[in-house]
Amino acid sequence: MAIDTNAQTTRAATGQGGHILSPSVPSAIEPTLHGAGRTSAGLWLDAGRRLVHDPAAMVGLIVIALLVLVALVAPAIVPHPPNDQSFRIKLEPPGATHLLGTDEFGRDVLSRVLIGTRVALGVGIFPVLIALIIGVTLGLAAGYYGRGVDQVIMRLIDVLLAFPWLLLAIGIMAVLGPGINNVVIAVAIVYIPAFARIVRGSVLSIKEKEYVEAARAMGQPDSVIIVKHVLANAWAPIIVLSTLSIGQAIIYAAGLSFIGLGTQPPNADWGVMLSSGREYLRDAPWLGFFPGFAILITVLAFNLFGDGLRDALDPRLR
Amino acid sequence: MTTYVIRRLLLALPVLLGIMTAVFVLLQLIPGDPAVALAGEKASVEQVERIREEFGLNRPLPVQYAYFLKSAFTLEFGDSLRTHQPVAGELRQFFGATIELSVAALIIALIIGIPAGVVAATHRSTALDYGTMIVALIGISTPVFWAGIVLIYILSFRLGLFPIGGIIGTGIKLDRITSAYVVDSLLTANWAALRSSLHHLILPAFVLSTIPMAIIARLTRSSMLEVLGQDYLRTARAKGLEDRLVVTRHALKNALIPIVTAIGLQFGGLLSGAFLTETVFGRPGLGRYVVAGIGARDYPVIQGTVLIVAVGFVLINLLVDVAYAAIDPRIHYT
């Protein structure tokens, strides 16, 4: 059992032979080799079995499933329209009609927390997906082709890593302007280095394997070798990194919304709600408490599941 | 050792140049005419043109880039559009406060995180281990700005134990030397200021420390577990060494090496967290400075802060690499 779910650390450590998801991870899961003529079902089945027997990971998965469900049906289950303002009932404490109270505009906090699940899952999942696609492509290219390609890509990654994440995101937001879509882009760019470095590390070890050599000897084109033999064997750490990054990305996006760069009013966003909660903290503490608690639960669920996934895919780390 | 430091410094140069280029490109991409922004909304066409001439904004891009590099190396970022003060001076003023907060948080994280990790490792698979790791996982999953709000409400509003924000009590005079309040209080032997600035520092520093503390605890645990299985520890036990000594002298000393790396890597997250913590606690610092700068399209402020922080971050990582090589005799500095 290791170590760390903090993406900032993961971002950097993976590239420095770090202890997090070391590039040697794929070697533990070699039975998945397509090139060696075995099916990959065995590995994933084994991992799945281990995962199901990990209670913490299962709790995480159930909470994630519930959150997805809430996000899907939120408009139907909100007790009050989330953007409806009424100054007569502003800053009401939690009670029978408004279970979690109302905000400074008399909007129902529970409804806004529920509807905010959509934004939260979106800003968790989409940036990671974008970063995954771009980062994996860059990492594959750098690792497989080496030399000049590797140098150029990795130096670019170094520059991205030289910025603390918030500063990088703020710089990007300065160009793109505020708004939740731009938050997705900014957070995605923050995560590209992590994916690129972890994939590059995997590729460097995989491309020396006999089955890759065999594929090359058989005259298979680079594109086939990269997709069928290299990428197919590098998935495990990518999936683990993705899961652990989603939770962190939600915090990052909420942070950007908190300082006013993300979701614009009147739309519900946990980060924005926290920001007004800060302003009305003395008189209406529920305003900031509940959205923040929702962030904690969501991030915790992804981290629990991600930790379990890592242990399941790489039993050596247990 | 000297060769190693020089080599690492040289290797950092392309990254530093890359950072500056990235910031330059970023500034070019920001929508809007910088000359108009610099001259102000109400400026006449002539005034805007004069600004364009004065700042070289009408020159070809490569020339502008050269000017930009010069301003970066000489730390002459011009005046802030909002406050009309030199950005370099303002940065110096806020830099100390942010670093002070970050370093204080790091110290708290180490003081609590390392022992927690050791206890978890030496009590592996007991309730103590699980409990520590659950708390650590919650720590990693908690946004600093929420932890700040909750603690301000309970400890400041309800219990009145800490000030609700700010950096030092109003009415307390302090001669400024370094721009870090606690350090200045110590240097000038101003005990009232020291008490007040520490009182203002503890809560935000603790809030900021939660994530690195959790990461350090988890890292210490896994690093300790790895070391505890080594032969030399069995030898140490076999020769009759006390358990406590085995853990502190033999195991922890070796387990600490990866933790030093982690500290360097934490700094980026720490600075980002510090920016948010400053916002929550209303502490003047780089974070509030740059956030306000973005809101006002204050180009010199954005340029100056981004450059200074990124360069500082690279240098900190450099320092950690050197420290790493210094404490681990297995690493050769060639």
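Let us start at the beginning of chain A, where residues 1–38 keep a pLDDT under 50 (pLDDT being the predictor's confidence in each residue, from 0 to 100). For this stretch the model has 111 contacts beyond four places in sequence, two residues being in contact if their C-beta atoms, placed from the backbone, lie within 7 Å. Where pLDDT is low, the predicted coordinates should not be read in detail. Chain A averages a pLDDT of 84, and 86% of its residues score at least 70.

A few words on conventions will help. This is a predicted model, in which local features need pLDDT of at least 70 and side-chain atom pairs count only at pLDDT 80 or more, while totals for chains, interfaces and linings use all residues. Residues are numbered from 1 along each chain as its sequence is written, and chains are lettered from A in the order in which they are written.

Now follow the fold. Chain A holds twelve helices and zero strands; helices are DSSP runs of H or I with at least four residues, strands runs of E with at least two, both numbered from the N terminus. Of the 318 residues of chain A, 56% count as buried, with 20 or more other C-beta atoms (placed from the backbone) within 10 Å of their own. Among contacts in chain A between residues at least 6 apart in sequence, 71% join residues at least 24 apart.

Finally, turn to the partner chain. Here 45 residues of chain A are in contact with 47 residues of chain B. Helix 12 of chain A gives the most to the side that touches chain B, with nine residues.

How values were computed:
Buried ≥ 20, exposed ≤ 12 C-beta atoms within 10 Å, placed from the backbone.
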